Amino acid sequence: MTSRRDFLKAGGALVLFFSLENSLGQTAPARLPGSLNTNRMLNAWLRIDADGTVTIYTGKIELGQGIGTALAQIAADELDVEMKRIRMVHGDTAVTPNEGQTAGSLSVETSGTAVRFACAEAREMLLAVAATRLGTQDLKVVDGTINGTLDYWTLAGEIDLKKEASGTAKPKAPSEHKWVGKSIARHDIPKKFTGGAAYVQDIRLPGMVFGRLVRPPSPGAQLVSVNEESVRKLPGVVAVVRDGNFLAVAAEREEQAIKARAALARNAVWKETPTLPPSGAALYDHMVAQGVPAQTMLDKTGTAEAAARSLEARYTRPFQAHGSIGPSCAVAQWTDGKLRVWTHSQGVYPLRNDLANVFGVDVKDIRCTHAEGAGCYGHNGADDVALDAALVARATGGRPVKLQWMREEEFMWEPYGSAMVMKLAGGLDAQGNIVSWTHEVWSHPHSRRPGQSKGSHTLAARFLDKPVGAAPVGDVPLPSGGADRNSIPGYDFPNVKVLKHFIVDSPLRTSALRTLGGYGNVFALESFMDELAAAAGVDPVEFRLRHMKDPRARAVIEAAAKRAGWTPAARGWGFGYARYKNLGCYCAVAAEVAVDRSSGKVTVNRAVSAVDVGQTVNPDGVVNQIEGGLIQSASWTLKEAVSYDRTRVKTRSWAEYPILRFEEVPPVEVVILNQPDQPFLGVGEGSQGPAAAAIANAIASATGARLRDLPFTPQRVKAALSQTKAM
Amino acid sequence: MANFTLRVSGSSREVAVDPDTPLLYVLRNDLELNGPKFGCGLAQCGACTVLVDGRPVRSCVTPMSTVKGAIETIEGLGNEESLHPLQKAFIAEQACQCGYCGNGMVMSAKALLARNPRPTNEEIRKALNGHLCRCASHNRIVRAVQRAAKEMQS
C-alpha cells in the first residue's frame with residue numbers, strides 16, 4: 001500500500017488531488033469516528049436479537065486490561081440497556097472488525113469511539129421506527145423498552161444495520177450516562193477465580209494432542225544433526241517435526257511431549273556462532289559506535305538568551321523482557337487445507353496475514369480466534385507460538401495441537417524491549433530557565449509485529465528449510481513514535497533538537513514492550529529535568545511548572561505533588577511527568593524511596609500518581625492500569641535486564657530475571673482528574689516512564705547519587721554511592 | 001504407567017499415568033481442571049499451587065508418586081454461583097488484570113488464613129512473597145485477603 005507520506009514524497013501538484021480523491025477519481029469517503037473509519041458498516045459492530053440481547057463485536061482483545069467491560073459500558077449507555085444484556089465478541093477473523101493490533105493504549109479511543117457512534121446510530125434507527133408506530137417524538141427508553149409499550153427486541157427485525165455508519169449520530173451527553181464513569185466490576189474476572197475456562201491454555205478439543213518445541217540453543221545456531229527416529233519410538237509420541245532449524249514434537253499426553261522434547265534436545269547437534277552484541281556497559285558504546293546516521297526528528301529554534309550554563313548526560317536502558325507469567329500458548333488444527341488457530345495474539349488479522357504468507361495459503365482459508373493468555377505487556381511470544389502450533393499440526397493428521405512454550409523458551413525467544421542510549425544536553429540562562437534542549441536516542445526497532453504485506457515476523461518462519469523472512473522494519477512514525485516515542489519534550493523550551501539513530505539490525509530480536517521507546521526516553525528526559533533543576537537550584541516540581549504551559553499537564557503535576565504532600569525540602573522524594581506518546585493520557589508520578597547504603601538496595605516506600613485520561617469510562621480500570629504500570633515500571637527500573645554472552649541468552653528462568661515481589665511493592669495512590677467533556681485518552685502505558693524517572697530522581701534526592709543506567713541494582717547503586725560524598 | 005487414586009476437592013478420581021508425571025498435568029488434562037496453571041515448571045512462580053492436606057504445594061514439580069494426601073484446588077472452593085469468601089473478596093477487590101497468577105494467590109491465601117485467621121498486611125505479603133504477579137496487582141491481592149479474613153471471622 002502506498003502511504004500518504006509516499007505521495008507527499010513524490011511531490012508536485014498531484015499531491016493535493018490524490019489526498020482528496022482515490023486513484024479511481026472517486027471522492028474519498030468521509031472520515032468516520034474511531035475505528036468506524038476502517039470498518040464502516042454498522043452490522044460489523046453490533047447486533048440486536050429478539051431474545052433481548054445485544055452483541056458487540058470488537059477487533060480489540062481482552063488481555064486483562066478490562067477492555068471488554070469498558071466497551072460494554074459505552075454500548076449500554078448509548079443504547080439505553082442494562083449491561084447484562086450485552087455480550088462481547090473479541091478478535092475473530094471470521095466475525096469481528098479488523099482493528100489491527102490491540103496496542104498503543106488505543107482501544108477505548110478507537111474501538112470505544114466506534115462502538116459509541118454505532119450504538120448511538122442504532123438507537124436512533126430504533127427510535128425512528130418507534131416514533132412512526134407510536135405517532136410521537138416523545139420517546140423514553142428504559143432498558144430497551146420504549147414508552148413502556150414497544151421494545152428493541154421486537155423492533156430489531158425492522159431496522160437494517162447492514163449499512164454504512166453515518167458518523168453523525170449524536171452520542172449521549174456525559175450527564176446522561178448511567179454506566180460510563182462508574183467502576184463497573186469487570187466481566188472477565190469471576191471465571192478467573194473459580195477455575196472457569198478463561199485462557200487459551202484451557203481449550204480442550206476432541207482428539208487434541210500436545211506439542212512442545214526444541215529451540216536452537218542460541219540465536220545463531222544451525223542444526224547439524226538429530227536422531228528423530230529414536231524419539232518417535234517414545235511413549236505417546238504422535239509426531240516429530242523437523243523443518244530446517246525448526247524442531248518439535250507432538251504427543252498424546254503433555255508430560256509425554258515434554259519428555260520427548262527433552263530426548264530430542266539431548267540428541268540434537270547444533271553449530272553455534274557468536275552473533276550477539278557485547279553486554280553490560282559495552283553494549284551502549286557498541287550501539288553508538290555502529291555509526292547509524294542521525295535522523296533529525298525536530299529542530300526548533302526560538303529566541304532566547306544565550307546559555308549561561310550547559311549540562312550533558314547519557315542514560316541507558318538494557319534489553320528487557322515482557323516476562324508473562326504464563327508462557328505463550330496456542331491451539332491449531334488443519335482440516336482439508338484450512339487452518340484454525342486459537343491465539344492470545346494482540347492482532348488476529350495481522351497474525352492471519354503472516355500465517356498465510358508462511359504457509360502460502362489464502363487468508364480466507366485461515367481463521368484466527370482470540371482467547372486470553374497471561375498478560376503480555378506488548379508483543380511477546382503469542383504470534384510466534386501460533387505459527388509453532390500450526391507447523392506441528394501439519395504433522396498430526398488433522399488432530400488439533402495445543403502447544404505451550406516452556407519457561408526458558410519464553411525468556412530466550414520472546415522479542416525484547418530494545419536496549420536504548422539517550423544522550424541529553426541542555427542550557428540554562430542566567431535566571432535558571434532552560435533555553436536549549438537536545439535529545440539524541442540510539443535504539444533498535446520497537447515494533448516487529450506481524451501484518452507486513454510480505455513475509456513474516458513470526459520467529460519460526462526464519463528457522464524453516466525454506467525460510468520466510470520479512471522486509472526490514474521502519475520505525476513507528478511520529479507523533480506517536482517508536483524508538484523516539486516521547487523524545488520530544490512537552491515542555492516549552494525555545495530551542496529543541498531531537499535526533500534518532502535507528503539501528504535496524506538487532507541480533508537479539510526486539511519488538512513492542514509496553515510504551516516502546518517511551519519508557520527509556522521519559523526516564524532520560526525527566527531525569528535530566530531534575531539534573532537541570534538542581535543546577536538551577538529550583539525545586540523539581542516548580543521547575544517543571546515553570547516550563548509547562550499545557551493546563552492539563554500542569555494540573556496532573558500539581559495534583560500529584562499535592563497528594564504526595566510534596567515540599568521542596570523533602571528528601572527521598574522524586575517526580576516524573578509525561579503525556580504518553582505526546583498524544584495519550586497525562587500522568588505525573590511522585591515516589592519516595594529509601595536507600596540502604598550498606599547493600600545498595602533501593603526500596604520504593606510510597607508512590608502517588610495523578611492522571612488525566614479525558615473522559616473516564618471505568619475509574620477502577622484506570623487506577624488498575626496506572627497502579628499496575630507504575631509497579632511494573634518499578635520492577636523494570638530496579639531489577640530487570642536480559643543477560644547474554646556473545647553466543648547465548650543466559651536468562652532462562654525467574655532465577656536469572658528477578659521481578660518485584662510482594663514484600664517490595666509500595667502502596668500506590670492514584671488521583672484521576674476526570675474530563676467528562678473531553679475525548680478518551682488511552683491509559684495503559686501512562687505511568688511507566690514517569691515512574692522510572694521519579695525513582696531515579698528520588699534516589700538522587702535521598703543520596704545525591706545520580707543513577708543513569710537502568711536497572712538500579714544494589715551493585716550499581718553502591719558504586720554510584722561510593723562516588724558521591726555522604727550527604 | 002501406574003494407577004493412582006486421587007482425592008481432589010472431596011471426590012475420588014482414578015488415573016493411570018507414569019509415576020513421575022507432575023501432578024499439574026494430571027489435574028489439568030485428566031481431571032480437566034483449569035485452576036492450576038503452568039507458569040514455569042520450576043516451582044518459581046506459584047501459578048500451579050494447590051493444597052495437599054491444607055498445605056500449599058507447587059503441583060508443577062510434584063510427581064504423582066509422592067502425592068499422598070487430600071488435594072484441594074480453586075474449583076473446590078466454590079463456583080460463580082456459590083463463591084468462597086476468598087473468591088468473593090478477590091472479585092470484589094478486582095484483584096487482578098490478567099489473572100493468570102490468581103489461582104496460586106487464592107490457594108496460598110487459603111492456607112495462610114487457616115493457620116492465621118487475622119494476618120497483618122506484612123504477614124500476607126510474606127506468605128505470598130513466593131508468588132509472582134507481573135501485572136502488579138499485589139496491593140489489590142493483599143486487600144482481597146484482608147477482606148476475606150474479615151468475612152471469614154464474622
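Strand β3 of chain A, residues 86-90, has two unlike faces in this predicted model. A:Ile86, A:Met88 and A:His90 make up its covered face, while A:Arg87 and A:Val89 lie on the uncovered one. The strand pairs with β2 of chain A, residues 54-58, in the parallel sense, over five bridges. One residue of the covered face, A:His90, is the bridge partner of A:Thr58.

**Five-stranded sheet of chain A**

- An open sheet of five strands in chain A follows the order β12-β20-β19-β18-β13, with mixed pairing.
- Its edge strands are β12 (295-300) and β13 (309-317) of chain A, each of which pairs on one side only.
- From one strand to the next, the twist averages 10°.
- Within the sheet, β19 (residues 434-443) and β20 (residues 495-502) of chain A run parallel and are joined by eight bridges.
- Between these two strands, A:Thr438 has A:Lys497 of β20(A) as its bridge partner.
- Helix α9 of chain A, residues 281-289, packs on the sheet and touches β13, β18 (420-428) and β19 of chain A. The direction of α9 makes about 80° with that of β18(A).
- Helix α13 of chain A, residues 518-536, also packs on the sheet, where it touches β13, β18 and β19 of chain A. The direction of α13 makes about 150° with that of β13(A).

**Contact between chains A and B**

- The interface brings 46 residues of chain A into contact with 47 residues of chain B.
- On the chain A side, α6 (189-192), α8 (254-267) and α16 (619-639) each supply at least two residues.
- Of the elements of chain A, α16(A) gives the most to the side that touches chain B, with six residues.
- By residue class, the side of chain A that touches chain B divides into 19 nonpolar, 15 polar and 12 charged residues.

**Domains of chain B**

- The domain assignment divides chain B into domain 1 (2-76) and domain 2 (80-153).
- Taken over C-alpha atoms, the centres of domain 1 and domain 2 of chain B are separated by 21 Å.
- Across the boundary, 14 residues of domain 1 of chain B are in contact with 13 residues of domain 2 of chain B.
- The side of domain 1 that touches domain 2 draws at least two residues from each of β3 (49-52) and β4 (55-58) of chain B. The largest share of this side, three residues, comes from β3(B).
- The residues on this side of domain 1 of chain B comprise eight nonpolar, four polar and two charged.

**Confidence of the prediction**

- For the complex, the predictor gives an ipTM of 0.98 and a pTM of 0.95.
- Chain B has a mean pLDDT of 98, and 100% of its residues reach 70 or more.
- Chain A has a mean pLDDT of 95, with 96% of its residues at 70 or more.
- Over residues 1-23 of chain A the pLDDT is below 50. Beyond near neighbours in sequence, this stretch of chain A has 11 contacts in the model.
- Predicted coordinates should not be read in detail where pLDDT is low.

Key: Residues numbered from 1 in each chain as written. Chains lettered and ligands numbered in written order. Predicted model: local features only at pLDDT ≥ 70, side-chain atom pairs only at ≥ 80, totals over all residues. Domains from an automatic or database assignment. Contact = placed C-beta atoms within 7 Å. Helix = DSSP H or I, 4+ residues; strand = E, 2+ residues; numbered from the N terminus. Nonpolar A, V, L, I, M, F, W, Y, C, P; charged D, E, K, R; others polar. pLDDT = per-residue confidence, 0-100. Pairing = 2+ DSSP bridges. Axes fitted to C-alpha atoms, helices over the stretch in contact; angles between N-to-C directions. Buried ≥ 20, exposed ≤ 12 C-beta atoms within 10 Å, placed from the backbone.
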